[in-house]
Amino acid sequence: MTTNAPPAAALKVLPPQASADALPAAPRDLAPLLLVPALILLMLPLVGSFPTWVTLTIAGLAMGMMIFIMASGLTLVFGLMDVLNFGHGAFVAVGAYAATMVLIPMRGWLEVDSLLVNLGVLGLAIALAMLSTALLGWAFERIIIAPVYGQHLKQILITMGGMIVAEQLINVVWGAEQIALPLPASLRGAILIGDAAVEKYRLVAVVIGLLVFAGMFLVLNRTKIGLLIRAGVENREMVEAMGYRIRRLFVAVFAAGSALAGLGGVLWGLYKETLSAAMGGDIMVMIFIVIIIGGLGSVGGCFIGALLMALVANYAGFLAPKFALVSNIVLMIAILLWRPAGMYSKSR
Amino acid sequence: MLHHILSGDLPKSRSLALALVLIVLGLAFAPFITSGARPLNTAATICVYIVLVASYDLLLGYTGIVSFAHTMFFGIGAYGVGLGLASAEPTWTAIFIGVVLALILALALALVVGLFALRVRSIFYAMITLAVASSFAVLASQLSDFTGGEDGKTFSVPELLSPGFQLLENEVFGRSVDGKVITYYIVFLGCVLLFLFLLRLVNSPFGRVLQAIRENEFRAEALGYRTVLYRIWANCLAALVAALAGALMALWLRYVGPKTMLGFEVMTDILLIVVIGGMGTMYGAVVGSTLFIIAQNYLKSLMAQGSTALSGVPMLAEALHPDRWMLWLGVLFVLSIYFFPTGIVGKLRMRQLKT
């Protein structure tokens, strides 16, 4: 093969100001973004009645937000360090159980019909849950995962083992019976928007989910730590070569991801109103489907994937209840047929 | 002769060989050296688990694929026999048709999932199989008209195999030779044949390619092997063997249900046995399953005693509760991945090499 020198004329044709200006923005990949609104609008005629449609949509959005909160930490950790934590579901369960340590002794405060007091107690429970799962995540990373970096097979096995141990420890610490987790008094029931009944708690979940997404988006895109995380996702060695201790960054991200799992666990526990140690395993399946759909390592993809999955599950539950059992898998297959590595995936 | 039967893959350790001989003899004569239903049940479960775990080892230990769908195939085989016998007269034809349909379904699913997910990274495959298997379990427990739902289905077996059937008038070594004993020997022989088939498979040129893929996939591909094809084949074969193991299990239990056949607990059991017994050797499955199932059946009563003895101590008594035995196994599992990743069999073989 001969090497052709580029014709000099071609070089001159390039606009001279190209080097002076900032780099052209990478083309945005908008198609997945449009999926959620398209799905919501498409379902309006199929559902038929407007109030039902509003109820279903808000229920789907609330569920999607909760799943996103739980899944985002996992996908971020995977993107940054190529570690897939099969024990992530256990953090969700631990978070929910930790919250009971506040919610059950302070049950009296939850019965007071004052939004402020209720939210205060709930905030305390969430803080405790996030703190304990962050600590657990930190310890888990140090003890369980640190020795097996770069070995996928061992990672899968060992985090699975960690999940089994954590699930059993929950039974030891909090007992093996299911625990009922009542909603705060002022968050029970539904409010009417027009003709549509919307459960208050779902609105709270949507708000918290949006706040978490906005917060993550801002931290990742507007702060130096976010810059480092994104750079680490792109090319880890290069960030290390520039003198940043990516190990520390990673431990921090792992702990933050675990804390988010704990937050998601509290929200999910209040949503289901009962807790069992096996909840982690059930949720794990949903989280996996979401991050497969979104593309491993992509937070934006995870957000869209979570909303899509929850919306499809809710609509399917209303339109064709038998189909709802497999709607997750069908959605996953459809997305993978369209984009074999998920919606936003940098690596294979 | 022995060399030929074992496909040239000898135990290579004196203590391992001794353990294997003891296990095989124990299982072969289990109906006559024990009495009562419980030991026989334990022995049959050990037989089936040996095959189930060995077929999983074909994936995990030999090819380096992590799959969470193995119970799905096990369950398909079990439901094949169960639904075949429950829907029609309990005849041998019903069993045969059920098994054939189950094998076809297992093969098709393994092929589809393999084609979908084995092209990409191993972690992707692990996640997708987990999702597919759990959906399958939900489906099996929800379609109650067809599968019997959460309760599962009990069914009757052909007359020869039913407990009421007596082959001999007299008792042999204190046990009457009834249909249950005949079923046990069918399960035992089926498992021996399947195990020897797997042993043959992993020591064939095909098995060597699988090991090459496990060690270095790029290199295997560079040598001209189409690794994706080999991995899909390994996946399909493991699925078929698991389905057959499930069929034997259903025949023995005369019951199919989502919890015993498709539950995630079965999958974690398999994982624990493979790792503790030894990945990448078929004998690991034999030693691991035997220890695990015996411990599961008898260690729990020991733990109950410990728990009552410590009933004053708050946390410790809870931790020794018989339902918590998975806690200790989980700890053992994590430790064994760190400190002896080759498992019991690997340890024994290493010791033989050193002396």
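How many bridges pair strand 2 (residues 190–193) of chain A with strand 3 (residues 196–199) of chain A, and in which sense do the two strands run? They pair in the antiparallel sense, over four bridges. Please keep in mind as you look around that this is a predicted model.

## Two hairpins, one in each chain

Let us stay with chain A for a moment. L192(A) has A197(A), in strand 3 of chain A, as its bridge partner. The two strands form a hairpin with two residues between them. In that turn, G194(A) has a positive phi of about 65 degrees.

Chain B has a hairpin as well, made by strand 2 of chain B and strand 3 of chain B, with two residues between the strands. Here the pairing is antiparallel over three bridges, and strand 3 of chain B covers residues 175–178. V172(B) stands opposite R175(B) of strand 3 of chain B. Between the strands, F173(B) takes a positive phi near 50 degrees. Strand 2 of chain B, residues 166–172, is hardly covered: the count of buried residues among its seven residues is zero.

## Chain B as a whole

Now step back and view all of chain B. You will find 18 helices and four strands there. The C-alpha atoms fill a box of roughly 65 × 50 × 50 Å along the principal axes. A compact globule with 355 residues would have a radius of gyration near 20 Å, and the 21 Å of chain B agrees with that. Of the 355 residues in chain B, 48% count as buried. Many of the contacts reach across the sequence: among those in chain B between residues at least 6 apart, 73% join residues at least 24 apart.

## Helix 14 of chain B and its partners

Helix 14 of chain B (residues 264–277) is a good place to look at helix packing. Two packed helices are described by the angle between their axes and the distance between the axes.

One partner is helix 15 of chain B (residues 282–309): the two axes come within 8 Å and cross at roughly 120 degrees. That angle makes helix 14 of chain B oblique to helix 15 of chain B. The crossing of helix 14 of chain B and helix 15 of chain B is right-handed. Among the residues that make the contact are L272(B), I273(B) and I276(B) from helix 14 of chain B, with A285(B), G288(B) and F292(B) from helix 15 of chain B.

Another partner is helix 18 of chain B (residues 343–354), where the axes come within 3 Å and cross at roughly 5 degrees. Angles under 35 degrees count as roughly parallel, and helix 14 of chain B and helix 18 of chain B are therefore roughly parallel to each other. V275(B), I276(B) and G277(B) of helix 14 of chain B meet G343(B), I344(B) and V345(B) of helix 18 of chain B.

## Where the chains touch

In all, 35 residues of chain B are in contact with 32 residues of chain A. On the chain B side, helix 7 (122–142), helix 14, helix 16 (314–319) and helix 17 (325–339) each supply at least two residues. Helix 7 of chain B gives the most, with 13 residues.

## Four residues to find

The table places four residues in their elements and gives the number of other C-beta atoms within 10 Å of each.

| Residue | Location | Other C-beta atoms within 10 Å | State |
|---|---|---|---|
| S258(A) | helix 11 (residues 246–272) of chain A | 32 | buried |
| G95(A) | helix 4 (residues 88–103) of chain A | 33 | buried |
| E273(A) | loop between helix 11 and strand 4 (274–275) of chain A | 12 | exposed |
| R254(B) | loop between helix 12 (227–253) and strand 4 (255–256) of chain B | 20 | buried |

Leaving aside residues up to four places away in sequence, S258(A) touches G73(A), F91(A), T133(A), A134(A), L136(A) and G137(A). With its own neighbours within four places set aside, G95(A) has contacts that include A129(A), T133(A), A261(A) and G265(A). The C-alpha atoms of G95(A) and L263(A) are separated by 6.5 Å, although these residues are 168 residues apart along the chain.

The two loop residues have backbone angles to look at. E273(A) is a residue other than glycine, and its phi has a positive value near 65 degrees. R254(B) is not a glycine either, yet it has a positive phi of about 55 degrees.

Technical notes: Residues are numbered from 1 along each chain as its sequence is written. Chains are lettered from A and ligands numbered from 1 in the order in which they are written. This is a predicted model: local features need pLDDT of at least 70, side-chain atom pairs count only at pLDDT 80 or more; totals for chains, interfaces and linings use all residues. The radius of gyration is taken over C-alpha atoms; the globule rule is 2.2 Å times the number of residues to the power 0.38. Two residues are in contact if their C-beta atoms, placed from the backbone, lie within 7 Å. Two strands pair if DSSP finds at least two bridges between them. Axes are lines fitted to C-alpha atoms, for helices over the stretch in contact, and angles run from 0 to 180 degrees between N-to-C directions. Angles under 35 degrees count as roughly parallel, over 145 as roughly antiparallel, 65 to 115 as roughly perpendicular and the rest as oblique. A crossing is left-handed if the near helix is turned anticlockwise from the far one by less than a right angle, and right-handed if clockwise.
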